Amino acid sequence: MERALVTRLDPADPLAVALAAGRERCNALFEAARARRPDLTPEAVFAALTEAAGPVVRQSPAPESTLHALYPHVLGAVGQGGGVEQAWTRALAGCAPHVAREPGRLGAALLEAVRRLDATSGADPKRWAGRLVDLADQATDADALLDAGAVLAWREGLVRFRRAALDACARLDAPLALAALGLPEADPAERPTILDRLGADPWCTPARAASGAEPAALTVRTVCGGFSRLGGPFHHPPTVAAEADRLLATDGAGWWRLHADAFGTAFERVEAPASAAQGDVRLGAGGRVRWAGTEAVVPPLATAPSAAATATTLAVVIPTSHRIALLARA
Amino acid sequence: MPDDPFRHVPASPTNPGAPAAARDFDVADLYRERPPEAPADAAEALGEKLRQAYFWIANTAIISPYYDIEYGDEPPAAYTFGDTDSVLTLPSGQSYSSFVLVPLLTLAVRRRCLLVGGPGRGKTATAVLMGLLAGYSRRDVRRAIQHGQPQMTLTDLLGNPLPKDLVEADDIDAIRIAWRRWLGMRVKIIDEYNRIPTRTQSALLTLMGDGYAEVLDQVYECPEAAWYLTANDDAGGGTYAVIEALRDRIDVVVKALHFSPRFLDDLLARVEAHVRPEDVVPPEIVFTEAELDAVDDAIRAVRVPDAVRRRLTFFASQFEFFEGAAAQFEYKTKDTVKLSGGDVARLGERDTGTDRLADLGAQTLGGLSVRALLSVLVYVKAIAFFRGRTEADLEDVRQILPFVLHDALVPNPDAPFFEQPGHAVYRLDRVGWVRELFDLACAEYDRLDRDRDDPVAEMEAEFARGLEGLGAREVQARLTAIERLLAAWSRGRKLTGHLYDDLLKLKYLHQRYTNYLRWLEWSGRS
């Protein structure tokens, strides 16, 4: 086995002391993890211990219990592809003072966050970790750090957490909330107005909310969905429906809630609704659309098999496809 | 000619072979200085030291000329004697005396060994030698022996509260205990443990099982230790019946055989030289605490290859299944019968359509506990390490199994197997019986061609590669494969122990895939 690349710790290093105290447990947990994941290598674990856990343990008043809490997450993060391990290491080391105070909770939460981001199309876990580290000094405690992380994750594309992110923005100190929204220069006094605009229109970006610009014409904002064998959710071409402020889609076998806003789209499996309707939308000849007090002509919608709308989003199934076009006023 | 034949340790390698592999993950590698020797070399040196210790004991200290753990590269020469066709074999490979080897392996893996045999057979002397090999003085070892006797109390075993504290203390926490010194030793010897009263046996159980002693709410944590218990009669002939839980904590049982008068000359030499073996243990074979830790590490690193593990699995699958025990599939076990107060032997006579002579499970009254299987694995690795191997082989399992399962596998004396010509002897000879059981299981394994035809093993291997990244289509295909296999096997096959475990494994796999598929669908990843 090649061990030359492992940098040996000073025995007086708090990480070394903590490892010595928990040696048998650490070794046993490694073997248990390797039984499940034969590709787990000692070198990778040593590197993660040094780079991710080390900075936290050194900041901790109780290095042994900190390592005890972090070690299972180290094993969970090592070898995860798609930048999960790198992003987690970056977040852990960059937020070390916070993690040292609550290693078990934050170690797990940060790992779960980078895993979810990694599984989200278009999201970049490493970019999220970098932004979180930039904000770490402004966070007064672990709760504030996690709230800021939730806002950043929403901006990365975790649209299912839109409501939670907006609630977090309201809880955070105004400068930190605005920085998390990507508006570090905004006037803290404007926060309530910005949050109101963001809450009212899912297609409103933080920049537009800060500028106060009104939405303009109806346009296609994004296309989502797809065939299940090609990475999409649907086994058959879908139809769409609306239930209150929720957009739904079904392929005849299952139902999904469609989350969509300026940062991305996501499908969430749900039970079949008790009742679902088209919503306040009318499709006319030649692709004429009447919806939410506006009227527009979108020629591809002339043959759309299904359409449904909420107050802010119009969903239209693209003919002969498994995909759904989402329209809103830009 | 060496100066002192009793202390002489030959310099020649005892069993040249491939070095044992070192443990490849140890967080200590991150902070401690690398040892001067490469780990593999160190493990090999310790293996050699262990073998030297064995040969010194077997050739010089304990006169035990019984090579009952037999190895060979080719079939042994065999000679038959007497009207009962008693067979004497001459193994072609290096073979060992269980009475010396098994206690020595117990020292290496720090487990619990019961030495049984009549008085004066060297049981206590062997245990004392193990204490000396662990680095203790003869005086310390002798003083630390706990002699079982009918009046033995908890305080005799564990220690006394200090009388001054008993008088002056305001609360129970202030009462200090003068713990007996033997509790802190890494070799513990209980002589004639079946003469200890039942209540004191319970304290011994806590010590052996959980590694701590308790008196008046004060707790003493004991270090990991090798335990040696002796008994003149293991079949219930002691002053007190041994509680079952205590018996269950014993990992391995070895018999002290009789003294062969053909070796009287050796005894005479000792008398004339006025030598007791425990006074002349060569320092080269005494282990430090760190060396014993390293031996334990090296033994754990010994691999049990897939081919060996599968035969062991097949063997262990034979015993717990009991078709008439329950309606629910999962409860069709001998445990269910015993927990309901039923009689496994009597109920087993009912016809279930299986051939009770061929069914190995019919020969036992119970299955194998997790503890027994753990002990099997540990001792299989230990004997392989002792032989200088990095991987255990089938013969390691075959040779060590009878000693580990000696008390763990209880025979059903009413089973048809024991009525067969020449088999009555197995009612008395547990070592021979367990080895015969293993041989029969291996023969059945070969008959079924399980090395090449084991669809469950293939499915296990497929599952072991992990679920991460697995698509719904592949999961569906695997679920269908499981269902097809179950449907095929349900047509006209007799339900046997190994099939029962296969079916439970298939159900487990089916459930894991079903849950995963459900998660895939609900998370939108299908």
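In chain A of this predicted model, four strands form an open sheet in the order β2-β3-β4-β5, and the pairing between them is antiparallel. The edges of this sheet in chain A are occupied by β2 (239-243) and β5, each of which pairs on one side only. From one strand to the next, the twist averages 35°. Within the sheet, strand β3 (residues 246-250) of chain A is joined to β4(A) by four bridges in the antiparallel sense, and A:Ala249 stands opposite A:Trp256, a residue of β4(A). Strand β4 (residues 255-261) of chain A is in turn connected to β5(A) through seven bridges, the two strands again being antiparallel. One of the pairings between these strands places A:Ala260 opposite its bridge partner A:Thr265, which belongs to β5(A). With two residues between them, β4(A) and β5(A) form a hairpin. In a regular strand, side chains alternate between the two faces of the sheet.

Beyond this sheet, chain A as a whole contains 13 helices and 11 strands. Of its 330 residues, 44% are buried. When contacts in chain A between residues at least 6 apart in sequence are considered, 60% of them join residues that are at least 24 apart.

A helix pair in chain A was examined in the same model. Two packed helices are described by the angle between their axes and the distance between the axes. Helix α7 (residues 103-118) of chain A packs with helix α8 (residues 125-136) of chain A at an angle of about 140°, and the axes of the two helices are 9 Å apart. Because of this angle, α7(A) is oblique to α8(A); the limit for a roughly antiparallel arrangement would be over 145 degrees. The contact brings A:Val114, A:Leu117 and A:Asp118 of α7(A) together with A:Pro125, A:Trp128 and A:Ala129 of α8(A). Classified by residue type, the contact of α7(A) with α8(A) comprises five nonpolar residues, no polar residues and one charged residue.

The contact between the two chains draws 25 residues from chain A and 14 residues from chain B. On the side of chain A that touches chain B, at least two residues each are supplied by α1 (14-21), α2 (23-36), α3 (42-59) and β5 (264-270) of chain A. The element giving the most to this side of chain A is α2(A), with five residues. By class, the residues on the side of chain A that touches chain B divide into 15 nonpolar, three polar and seven charged. The strand β5(A) therefore appears in two settings, as an edge strand of the open sheet and as one of the elements supplying residues to the side of chain A that touches chain B. For the complex, the predictor gives an ipTM of 0.72 together with a pTM of 0.68.

Chain B contains 19 helices and 11 strands, and buried residues account for 36% of the 526 residues in this chain. Among the contacts in chain B that link residues at least 6 apart in sequence, 77% join residues at least 24 apart. The mean pLDDT of chain B is 85, with 92% of its residues reaching 70 or more. Across the elements of chain B, the lowest mean pLDDT (78) belongs to helix α9 (residues 264-273), whereas the highest (95) belongs to helix α14 (residues 370-386).Helix α3 (residues 123-133) of chain B is mostly covered, since 10 of its 11 residues are buried. The buried residues of α3(B) include B:Lys123, B:Thr124 and B:Thr126, and also among them are B:Ala127, B:Val128, B:Leu129 and B:Met130. The helix α3(B) is followed by B:Gly135, a residue whose phi is positive, near 100°.

A further buried position in chain B lies in a loop. The residue B:Glu192 is found between β7 (187-191) and α7 (198-210) of chain B, in the loop that joins these elements. B:Glu192 counts as buried because 20 other C-beta atoms lie within 10 Å, the cut-off for burial being 20 or more. When neighbours within four places in sequence are left aside, B:Glu192 is in contact with B:His147, B:Gly148, B:Thr230, B:Ala231 and B:Asn232. Between B:Glu192 and B:Thr239 the separation is 47 residues in sequence, while the distance in space is 9.5 Å from C-alpha to C-alpha.

How values were computed:
Residues are numbered from 1 along each chain as its sequence is written. Chains are lettered from A and ligands numbered from 1 in the order in which they are written. This is a predicted model: local features need pLDDT of at least 70, side-chain atom pairs count only at pLDDT 80 or more; totals for chains, interfaces and linings use all residues. pLDDT is the predictor's confidence in each residue, from 0 to 100. Two residues are in contact if their C-beta atoms, placed from the backbone, lie within 7 Å. Ala, Val, Leu, Ile, Met, Phe, Trp, Tyr, Cys and Pro count as nonpolar, Asp, Glu, Lys and Arg as charged, and the others, Gly among them, as polar. A residue is buried if 20 or more other C-beta atoms lie within 10 Å of its own, exposed if 12 or fewer, and partly exposed in between; C-beta atoms are placed from the backbone. Two strands pair if DSSP finds at least two bridges between them. Axes are lines fitted to C-alpha atoms, for helices over the stretch in contact, and angles run from 0 to 180 degrees between N-to-C directions. Angles under 35 degrees count as roughly parallel, over 145 as roughly antiparallel, 65 to 115 as roughly perpendicular and the rest as oblique.
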